[in-house]
Amino acid sequence: MMNDCIFCKIVDGVIPSKKAYEDDEILAFHDITPMAPIHCLVIPKKHIRSLMDLEAKDIGLAGRLLNKAQELAKELGCGENGARFVINTGRDGGQTVDHLHIHILGGRALSWPPG
Ligand code: AMP
Ligand code: ZN
């Protein structure tokens with residue numbers, strides 16, 4: 001674990017979160033500042049800084065993260081109307097927490113393009 005990473009602290013239970021899903025390698029929790037009626041984050045428990053830092057050995061994990069994001073979106077009621085799955089990456093991508101995460105945003109129609 002990276003001891004200055006807030007998502008690693010959430011994984012370790014040092015910072016509380018409202019969990020939506022957990023297994024041995026994946027955690028999903030509700031965003032503390034929801035931007036839509038449904039706003040969850042799906043993260044690997046392992047600290048990976050960003051999508052740019054994903055290594056070949058993590059491809060299986062990345063696939064399982066995507067699959068879990070899909071399942072959770074359906075569970076949360078977005079199966080019919082859809083949702084937006086977002087991976088903000090690096091400075092220009094607007095990433096504010098340097099621990100890989102997939103945003104699930106749903107429950108309302110979202111605009112495009114982003115600002
Ligand atoms: P990003 O800007 O893509 O790096 O997204 C980081 C997200 O983490 C933001 O939507 C924040 O609202 C969210 N966030 C930050 N701290 C917490 C926390 N303690 N619990 C839940 N979500 C958080
Ligand atoms: Zn971390």
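A residue counts as buried when its relative accessible area is under 20%, and as exposed when that area is over 50%; partly exposed lies in between. Keep those cut-offs at hand for this tour of a predicted model.

**Stop 1: Lys68**

Select Lys68. It sits in helix H2, which runs over residues 59-78. Is this lysine buried or exposed? Its relative accessible area is 12%, so Lys68 is buried. Now show its neighbours. Leaving out residues up to four places away in sequence, Lys68 touches Tyr21, Ile26 and Val42.

**Stop 2: the whole chain**

Zoom out and colour by secondary structure. You should find three helices and five strands. Follow the chain from its start: the order is α-β-β-β-α-β-α-β.

Next, check the overall dimensions. The C-alpha trace spans about 35 × 30 × 25 Å along its principal axes. The radius of gyration is 14 Å; a compact globule of 115 residues would come near 13 Å, so the two agree.

Switch on the surface. About 7100 Å² is exposed, and carbon and sulfur atoms supply 54% of it. Buried residues make up 35% of the 115 in the protein. Contacts tell you how the chain folds back on itself. Of those with a separation of 6 or more, 52% join residues 24 or more positions apart.

Colour by charge before moving on. The protein carries 13 positive and 15 negative charges. The mean positions of the two sets are 3 Å apart.

**Stop 3: the salt bridges**

Side chains of opposite charge can pair when their charged atoms come close. How many salt bridges does the structure hold? There are eight. Visit some of them in turn.

- Select Lys46 and Asp58. They form a salt bridge, with the closest N and O atoms 2.5 Å apart. The pair links distant parts of the chain, twelve residues apart: both Lys46 and Asp58 lie in the loop between strand E3 (38-44) and H2. Compare their surroundings. Asp58 is buried, with a relative accessible area of 4%. Lys46 is partly exposed, at 36%.
- Select Arg49 and Asp53. Here the closest N and O atoms of the salt bridge are 3.2 Å apart. Asp53 has 28% relative accessibility, so it counts as partly exposed.
- Select Arg91 and Asp92. Their side chains meet in a salt bridge at 3.3 Å, N to O. Both Arg91 and Asp92 are exposed.
- Select Lys19, Glu22 and Lys45 together. Salt bridges link these three residues in a network.

**Stop 4: Lys18 and Ile32**

Go to Lys18. It lies in the loop between helix H1 (6-12) and strand E1 (19-22). Lys18 has 59% relative accessibility, which means that it counts as exposed. It still has partners: beyond residues up to four places away in sequence, Lys18 touches Ala28, Phe29 and His30. Draw a distance to Pro34 as well. Lys18 and Pro34 are 16 residues apart in sequence, and their C-alpha atoms are 12 Å apart.

Move to Ile32. This residue is in the loop between strand E2 (26-30) and E3. Is its side buried or exposed? Ile32 counts as exposed, at 83% relative accessibility. Add Ser17 to the selection. Ile32 and Ser17 are 15 residues apart in sequence, with 8.2 Å between their C-alpha atoms.

**Stop 5: His103**

Select His103, in strand E5. Its relative accessible area is 11%, so His103 is buried. Which residues does His103 touch, leaving out those up to four places away in sequence? The list is Asp31, His39, Cys40, Leu41, Arg84, Phe85, Val86 and Asn88. Measure one of these pairs in the viewer. The C-alpha atoms of His103 and Arg84 are separated by 7.6 Å, although the two residues are 19 apart along the chain.

**Stop 6: Trp112 and Pro113**

Finish past the last strand. Pro113 is in the segment after strand E5 (102-106). Display the backbone and look at the peptide bond that runs from Trp112 to Pro113. Is that bond cis or trans? It is cis, with omega near 5 degrees. For context, most peptide bonds are trans.

Notes. Residues are numbered from 1 along each chain as its sequence is written. Chains are lettered from A and ligands numbered from 1 in the order in which they are written. This is a predicted model: local features need pLDDT of at least 70, side-chain atom pairs count only at pLDDT 80 or more; totals for chains, interfaces and linings use all residues. Side-chain values use heavy atoms; hydrogens and water are left out. Helices (H or I, at least four residues) and strands (E, at least two) are DSSP runs, numbered from the N terminus. The radius of gyration is taken over C-alpha atoms; the globule rule is 2.2 Å times the number of residues to the power 0.38. Buried means under 20% relative accessible area, exposed over 50%, partly exposed in between (1.4 Å probe, protein chains only). Contact means heavy atoms within 4.5 Å. Accessible areas come from the Shrake-Rupley method with a 1.4 Å probe; for residues, only the protein chains shown count as cover. Lys and Arg count as positive and Asp and Glu as negative; His and the chain ends are not counted. The place of a charge is taken as NZ of Lys, CZ of Arg, CG of Asp or CD of Glu. A salt bridge is a side-chain nitrogen of Lys or Arg within 4 Å of a carboxyl oxygen of Asp or Glu.
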